[in-house]
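Here is a short report on one protein model. It starts with charge, moves to the overall build, and ends with three individual residues.

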Amino acid sequence: MADVLILLGSKSDIDVAKRATGILDRLQVPWEMAVASAHRTPDRVRTLVEGSDAKVIIAIAGLSAALPGVVAAHTIRPVIGVPVSGPLNMDAILSIVQMPPGIPVAAVGLDRGENAALLAAQILALSDAALTKRLHEHRAEMAAKVDKDSLEVQ
Ligand code: RP5
């Protein structure tokens, strides 16, 4: 059973999704993925959200990125939106950030699939001590890399 459902507005968003799955695999968080467009397949979005037992949902979309908001409309589980870069960039960012009061979406930066995965893992870690430990180890690895990089530039 997957803990995280990753929805893509289009197959063309796959590179951003791979950033998320890379982190989730490393943290041993089970995930499932599907393509579902808020505009082209609204019924499919609802069916996938309602049919999934995942505790957190990551929704990845570009252009007029309605997908995270539409997903959030169908569930009270935490939804993390990832805007995908394109010709304008601000279009997708604002579509995800500017949700109306009452239906929140957590927004990460442009193309930041890895941060969406980490945020999802941190939410899951609230009730998972082993995952909490793995997240601390991941932070320690990042800190060690900064130390190593600093030595290399000296
Ligand atoms: C959005 O429109 C998708 O999330 C994608 O980022 C963008 C372009 O979609 P395609 O035309 O590549 O299917 O719905």
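The protein carries 15 positive and 17 negative charges, and their mean positions lie 1 Å apart. Lys and Arg count as positive, Asp and Glu as negative; His and the chain ends are not counted. Each charge is placed at NZ of Lys, CZ of Arg, CG of Asp or CD of Glu.

The model is predicted: local features need pLDDT of at least 70, side-chain atom pairs count only at pLDDT 80 or more, and totals for chains, interfaces and linings use all residues. Residues are numbered from 1 along each chain as its sequence is written, and side-chain values use heavy atoms, with hydrogens and water left out.

**Overall build**

Six helices and five strands make up the element list. These are DSSP runs numbered from the N terminus: helices are H or I with at least four residues, strands are E with at least two. The order from the N terminus is β-α-β-α-β-α-β-α-β-α-α.

The C-alpha trace spans about 55 × 35 × 30 Å along its principal axes. The radius of gyration is 16 Å, which agrees with the value near 15 Å for a compact globule of 154 residues. That radius is taken over C-alpha atoms, and the globule rule is 2.2 Å times the number of residues to the power 0.38.

Of the 154 residues, 40% count as buried. Buried means under 20% relative accessible area, exposed over 50%, and partly exposed in between (1.4 Å probe, protein chains only). The accessible surface comes to about 8,500 Å², with 58% belonging to carbon and sulfur atoms. Areas come from the Shrake-Rupley method with a 1.4 Å probe; for residues, only the protein chains shown count as cover.

Contacts (heavy atoms within 4.5 Å) reach far along the chain: among those with a separation of 6 or more, 67% join residues 24 or more positions apart.

**Asp13**

Asp13 sits in the loop between strand 1 (4-8) and helix 1 (14-26). Asp13 is buried yet has no salt bridge, a term for a side-chain nitrogen of Lys or Arg within 4 Å of a carboxyl oxygen of Asp or Glu. The nearest side chain of opposite charge is Arg40, 6.9 Å away. Beyond its neighbours within four places in sequence, Asp13 contacts Leu8, Ile60, Ala61, Gly62 and Val84.

**Positive phi outside glycine**

| Residue | Phi | Loop |
|---|---|---|
| Gln28 | about 60 degrees | between helix 1 and strand 2 (31-35) |
| Asn89 | near 75 degrees | between strand 4 (79-84) and helix 4 (90-97) |

Gln28 is exposed, at 55% relative accessible area. Asn89 is partly exposed, at 24%.
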